[in-house]
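This report describes the strand arrangement, selected buried residues and the principal pocket of a single protein model. The sequence and structure are shown first.

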Amino acid sequence: MRHLHGLKKLNRTSSHRISMFRNLANSLIKHESITTTLPKAKALRKVIEPLITLSKISSLSNKRLVFSRLRDRSSVQKLFDTIGPRHVNRPGGYTRILKKGHRSGDSAPLAFMQILSEENDVENLKETISTK
């Protein structure tokens, strides 16, 4: 039984899924926005948001824990130097997923995922949506 499991398998083995999420998380941290399929983006949110929460407090144990998940020094450094301090006052919801349409080859639903840049970025987005 899978009660309270909460993990999407995405038709991959566990080692493939772990490395895929590691690569997606490193790309998202490096570029601060990526385009991927909608199910991958929704599953990646459960991976990246706890890492950003850990990066709000810069301690050696938090850095080691984040490094054990990402395995990339430059991503860990950027996470603790720029992204974590940017979200100190935010209680959660560090990422945004926007639907982008369907991929032409296999009609897979695409999504644009990004890390929020400012504290009032969500309010600016709501204002632009309401004016349209």
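In this predicted model, three strands are assembled into an open sheet whose order is 1-3-2, with antiparallel pairing. The edges are occupied by strand 1 (33-37) and strand 2 (95-102); each has a single partner strand, so one side of each is left without a neighbour in the sheet. From one strand to the next, the twist averages 25 degrees.

Strand 1 is joined to strand 3 (residues 109-115) through five bridges in the antiparallel sense. Within this part of the sheet, threonine 36 stands opposite alanine 111 of strand 3. Helix 1 (residues 14-31) lies across strand 1, strand 2 and strand 3, and its direction makes an angle of about 145 degrees with strand 1.

Two residues, one from a strand and one from a helix, merit a closer description. The table lists their location and relative accessibility.

| Residue | Element | Relative accessibility |
|---|---|---|
| Arginine 96 | Strand 2 | 11% |
| Asparagine 26 | Helix 1 | 13% |

Is arginine 96 buried or exposed? The cut-off for a buried residue is under 20% relative accessible area; arginine 96, at 11%, therefore counts as buried. Its C-alpha atom is separated by 6.3 Å from that of isoleucine 115, although the two residues are 19 residues apart along the chain.

Asparagine 26, located in helix 1, has a relative accessibility of 13% and therefore also counts as buried. Which residues does asparagine 26 touch, when those up to four places away in sequence are not counted? The contacts of asparagine 26 are with Leu70, Asp72 and Ser75.

The remaining topic is the largest pocket. Its volume is about 470 Å³, and 17 residues line it. Those nearest the centre of the pocket are Leu7, Phe21, Ala43, Lys46 and Val47.

Which helices each supply at least two residues of this lining? Helix 1, helix 2 (38-55) and helix 3 (60-70) do so. Helix 2 provides the largest share, with seven residues. Helix 1 thus appears in two settings: it lies across the three strands, and it contributes to the lining of the largest pocket.

In chemical character, the lining of the largest pocket comprises nine nonpolar, two polar and six charged residues.

Key: Residues are numbered from 1 along each chain as its sequence is written. This is a predicted model: local features need pLDDT of at least 70, side-chain atom pairs count only at pLDDT 80 or more; totals for chains, interfaces and linings use all residues. Side-chain values use heavy atoms; hydrogens and water are left out. Two strands pair if DSSP finds at least two bridges between them. Helices (H or I, at least four residues) and strands (E, at least two) are DSSP runs, numbered from the N terminus. Axes are lines fitted to C-alpha atoms, for helices over the stretch in contact, and angles run from 0 to 180 degrees between N-to-C directions. Contact means heavy atoms within 4.5 Å. Buried means under 20% relative accessible area, exposed over 50%, partly exposed in between (1.4 Å probe, protein chains only). On a 1 Å grid over the protein atoms alone, a cavity is a set of points where a 1.4 Å probe fits but cannot get out, and a pocket is an open set with protein on both sides within 12 Å along at least five of seven lines; lining residues have an atom within 4 Å of a point. Grid points are joined across faces, edges and corners, and a volume is the space filled by probe spheres set on the points. Ala, Val, Leu, Ile, Met, Phe, Trp, Tyr, Cys and Pro count as nonpolar, Asp, Glu, Lys and Arg as charged, and the others, Gly among them, as polar.
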